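Work through the following exercises with the model at hand, and compare each result with the solution set out beneath it.

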Amino acid sequence: MADASRVLLGLGGCVDYELKLTASTLEKLVAEYGIQPAELDPPGPAFVANERDLVVSILGYVARGGGGEHFVASAPALETFAGRFPHRQTLGGTSVRAGILLDRLGIPSTWHLVSVNDTFRRLAPASTSYFSSGTEDTTYPHLIVQYDKGLRVSMGDVALEAPFPNRLIYVNDPANDTMVLDSSLSARLSQAEVFLISGFNAMRDPDLLDRRMAELREHMRQLPSTAITYFEDAAYHEPSYSRRVREALLDRIDIYGLNEDELQSYLGRSVDLLSVREVVAALADITALIPVPTLVLHTKYWALSAGVAYASALDSGTVMAATRYVHGDSFTDEDVALLRARPRRTESVEFALAIEERLGTSVRCVPGFQLDVANPTTVGLGDTFVGGFLSALAQRDA
């Protein structure tokens, strides 16, 4: 497929500061700030005002192996914390990471951005087509924190140990907070066959969010009737705003994607992802809350679609996310081929067969791979899944 206008990815992007946590630095911060284990339950403060709050929030997630995203009131706190660890600059945002993967697969796309700067220009693939609603260069880096399974942090007589690897996102980004939509979006959508919506989770002004929803709906009037709209959920900085976005857009969404953290947050309970009984109940509850033609749920064990059977797209997303988990950004075509040949997790295969037998043709489930990696990449796995999923949609008529 040679025409980048066929796949439009939005609606915001950013520069990320990626780092991996180390126990020694965290333990120094615990001692410096006098942080106590009792502060970590629930996982950190809802409002992250400064670096101390940031450390408490991170430790709370590490203790349960969770992932999440938060607004941080102090932009300097993000810079200070990042400066304590070796880190690298990358491009982020679901739409941008999905677009980078599509580029790697030879599928051009066009990105709607709200902020561009020299770092973004330097790191974006040369073949990328993008446009921005920003009127001048701005830089609002996002802090992306990775941690490995088994990370052990001593807090006096108590030791925290991460049961799973995961990633956390901390943000102070006025451009994505206001999410200005470019005036050319309508015309560009008129040429699109696949449209990805993401990024509204960073907004914090309810009136402005409602205006953006109305504007987006007006732009989307220009989408061809055959176009597929994919909405990828995220952790909302203001959790109640998720419902505002859903209510505004649900009737225009064909596929709604989310991960296990978002699923459990909406349901207000933990879900055993390898229990057919619990997942069936969770699917019933989440599809009642989010009534869309197709719901896509991607987890560390499997990915499934409820509605239209997108088996090949689910598999493509699963393969690409697993490849990133093992090889990071530097994977090759040979890495992808070797990854495909790896065995799938036994418990995931059993779960996939059982849930398809239980729910029939309305559900397709693809098991995840058996991966034992000393230093996995946990950043961007969901975004990479989305890119892999979209690659199958983009090529369906190519």
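**Exercise 1.** Determine at what angle helix α4 and helix α15 pack, and classify the arrangement.

*Solution.* Take α4 as residues 94-104 and α15 as residues 381-394, helices being DSSP runs of H or I with at least four residues, numbered from the N terminus. With axes fitted to C-alpha atoms over the stretch in contact, and angles running from 0 to 180 degrees between N-to-C directions, the two pack at about 55°, their axes being 8 Å apart. Angles under 35 degrees count as roughly parallel, over 145 as roughly antiparallel, 65 to 115 as roughly perpendicular and the rest as oblique; α4 and α15 are therefore oblique to each other.

This is a predicted model, in which local features need pLDDT of at least 70, side-chain atom pairs count only at pLDDT 80 or more, and totals for chains, interfaces and linings use all residues. Residues are numbered from 1 along each chain as its sequence is written, and side-chain values use heavy atoms, with hydrogens and water left out.

**Exercise 2.** List the residues through which α4 and α15 meet.

*Solution.* Using contact in the sense of heavy atoms within 4.5 Å, α4 contributes Thr94, Arg97, Ala98, Leu101 and Leu102, while α15 contributes Asp383, Thr384, Val386, Gly387, Gly388, Leu390 and Ser391.

**Exercise 3.** Is Cys14 buried or exposed, and how many disulfides are there?

*Solution.* Buried means under 20% relative accessible area, exposed over 50%, and partly exposed in between (1.4 Å probe, protein chains only), so Cys14, at 7%, is buried. Cys365 is buried too, with a relative accessible area of 7%. Requiring a pair of cysteine sulfur atoms within 2.5 Å, the count of disulfides comes to zero.
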